Amino acid sequence: MELEGRAEVEGLFADQCTGLDGVRCDIAMVRTPDGHSRLELAKYRSPVVISAGPRNRPHNILGTHRVMFAVDDIEDTVARLRPHGAELVGEIARFEDSYLLCYLRGPEGIIVGLAEQLR
């Protein structure tokens, strides 16, 4: 995978999207070799990282793995996933005029991110 970019993420949209308060994390975006997919890697600076917990652990726990998918219609995708046991971790949040973002927790506790690029 090739590093596409790094950034520090914080602010209201980050809090809304993760369901946490005071989010500050470093992200790295890597691109798959075919150039068609990306994977976001995150390291939380705040809130304080925790190392253990129940199945429905908060978004910033060590070892919580998630994958983010690009979707054409985030609200439709969330609506289609809910009957299969998916629940929003926080809420759908807008990042500037670029993306709508959210995280869902599946029935097994795995977090999946969705990103809709705004046109």
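This section describes a three-stranded sheet and an aromatic pair in a predicted model.

The sheet is open and consists of three strands arranged in the order β1-β2-β3, with antiparallel pairing. Strands of a sheet pair through backbone hydrogen bonds, in either a parallel or an antiparallel manner. The edge positions are taken by β1 (2-10) and β3 (38-46); each has a single partner strand, so one side of each remains without a neighbour in the sheet. From one strand to the next, the twist averages 15°. Eight bridges join β2 (residues 24-31) to β3 in the antiparallel sense. Within β3, Y44 is the bridge partner of C25.

With respect to aromatic contacts, one aromatic pair is counted in the model. Such a pair is described by the distance between the ring centres and the angle between the ring planes. The pair is formed by F13 and F95, whose rings lie 4.6 Å apart, centre to centre, with 50° between the planes. The arrangement is classed as tilted because this angle of 50° is neither under 30 degrees, as required for stacked rings, nor over 60, as required for edge-to-face rings. F13 belongs to helix α1 (residues 12-18) and F95 to strand β6 (residues 93-95); the pair therefore ties together parts that are 82 residues apart in sequence.

The two rings were also assessed for solvent accessibility. F13 has a relative accessibility of 18% and counts as buried because this value falls under the 20% limit. F95, with a relative accessible area of 27%, is partly exposed.

Key:
Residues numbered from 1 in each chain as written. Predicted model: local features only at pLDDT ≥ 70, side-chain atom pairs only at ≥ 80, totals over all residues. Heavy atoms only, no water. Pairing = 2+ DSSP bridges. Helix = DSSP H or I, 4+ residues; strand = E, 2+ residues; numbered from the N terminus. Axes fitted to C-alpha atoms, helices over the stretch in contact; angles between N-to-C directions. Phe/Tyr/Trp six-rings, centres within 6.5 Å; stacked < 30°, edge-to-face > 60°. Buried < 20%, exposed > 50% of the residue type's maximum accessible area, 1.4 Å probe, protein only.
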